[in-house]
Protein chains: 2
Amino acid sequence: MNALLFDHVTQLDLTGPAEVFASAGMAVNLVGRTLASGVTDGGWSINPSHALESAPCADILLVPGGGGVDPLLTDEAYLGHVRRLAAGATWVTSVCTGSLVLAAAGLLDGRRATTHWASRPLLERFGVQVLRERWVRDGQVVTAAGVSAGIDMTLALVAEIAGTQVAAAAQLEMEYDPHPPFRHGSPEESDPEVVRAVLAQVEARRGPLVDRATQRLKG
Amino acid sequence: MNALLFDHVTQLDLTGPAEVFASAGMAVNLVGRTLASGVTDGGWSINPSHALESAPCADILLVPGGGGVDPLLTDEAYLGHVRRLAAGATWVTSVCTGSLVLAAAGLLDGRRATTHWASRPLLERFGVQVLRERWVRDGQVVTAAGVSAGIDMTLALVAEIAGTQVAAAAQLEMEYDPHPPFRHGSPEESDPEVVRAVLAQVEARRGPLVDRATQRLKG
């Protein structure tokens, strides 16, 4: 499978699903813009295995999110390669705000999908029917909610592709029996003031970029 | 904080906690044996920020696990640096079979701790009181169960260090509201035949190494 790697990617969007795939014995190509290292949100430097222009298609395309999606939303050359890799894949998937990249590439037109909770209003502006689910499958397109939701989505996807036994073995290998110490994993369970502040911050930073991206799609 | 990076590390042992720290605004040094790239269980190449010999101490030491711990268990030079970094840290932590490295370095003597479920019998041979918990705190030493348990442990640790508000904001940022699609995250919930097979496999591969490591500690 192909996973996109770009600067300021939210590391766990990428590494959570990759660990599930690795536990299920599936190899993950890391597709950078070039072969230069990508630097994650936490400042880590990871080396791509393939460069975007020459990356071969694979059965699964995974688009992670993070602050690094912002410049991609109006980058026609990049979005063209996303469309190419999506057209050659059986499954097109995203984690977190990676769904905004799929939407900007025109790959979520009229579909049901999800994204990081703070970017739900932005994904709706692309004409996407945004659901408040942990992950959403619409045909061969599967999108996960924020960051950690990619682990849940990928376990379900592995079960679909390789069977429940393989997915169950991967889950046991990862000892994925989560016990979050607090109940603050969703905006519905969190302090409304904190939620409002984050939504306003995301709108201020990313809203104008989404408007430009949706105008390009209409134009 | 310092996180150890070695070949055949289980990637999520390292990247799960790192994402929690990043979401809480805390920087994570990646300490390799040298500055050469480390290759994870899934074949990814990640670049260390520091080499072991010259890595400065930090407030937290995190030791991840994976197949790559095996050669470290009897590597006195490596274990000496682990002891040095632990002595200079306020918190000594491990995820998954990283606890075996702490034990081989003599850092878990007489303590309560945990590890990946399939290595519980091995950790007991070091004289550690092994608990079947998601994570265990004994004084300033905090150990997590397998792979994904590092996320739960790190959220609790961030709350201890920086306060519940910071941990809650990190959890919301990561949308950590897990919904595993299957109930196979612990050996108690899994097929007993699969569990027995994995335990036998781990004993065959790692048991003799643990025996050598415990003999070194006694000698």
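This report looks at a predicted model with two matching chains, one helix and one loop residue.

## Reading the model

Residues are counted from 1 along each chain as its sequence is written, and chains are lettered from A, with ligands numbered from 1, in the order in which they are written. Because the model is predicted, local features need pLDDT of at least 70 and side-chain atom pairs count only at pLDDT 80 or more, while totals for chains, interfaces and linings use all residues.

## Two copies, one axis

Let's start with the pair. Chain A lands on chain B after a rotation of 180° with 0.0 Å of shift along the axis, at an RMSD of 0.0 Å (a least-squares fit on the C-alpha atoms of residues with pLDDT of at least 70 in both). The two copies are therefore related as by a two-fold rotation axis. In chain A, the C-alpha nearest that axis belongs to A:Ile46, 2.3 Å away from it.

## A covered helix

Now for helix α6 of chain B, residues 164–173 (helices are DSSP runs of H or I, at least four residues, and strands are runs of E, at least two, numbered from the N terminus). Seven of its 10 residues are buried, meaning that 20 or more other C-beta atoms, placed from the backbone, lie within 10 Å of their own; exposed means 12 or fewer, and partly exposed is in between. Among the buried ones are B:Ala167 and B:Leu172. Their cover includes α7 of chain A, along with α1 and α5 of chain B. Just after α6(B), B:Glu175 has a positive phi of about 45°.

## An exposed glycine

B:Gly110 sits in the loop between α3 and β8 of chain B. B:Gly110 is exposed because 8 other C-beta atoms lie within 10 Å. Its C-alpha is 5.7 Å from that of B:Val128, 18 residues apart along the chain.

Key. Contact = placed C-beta atoms within 7 Å.
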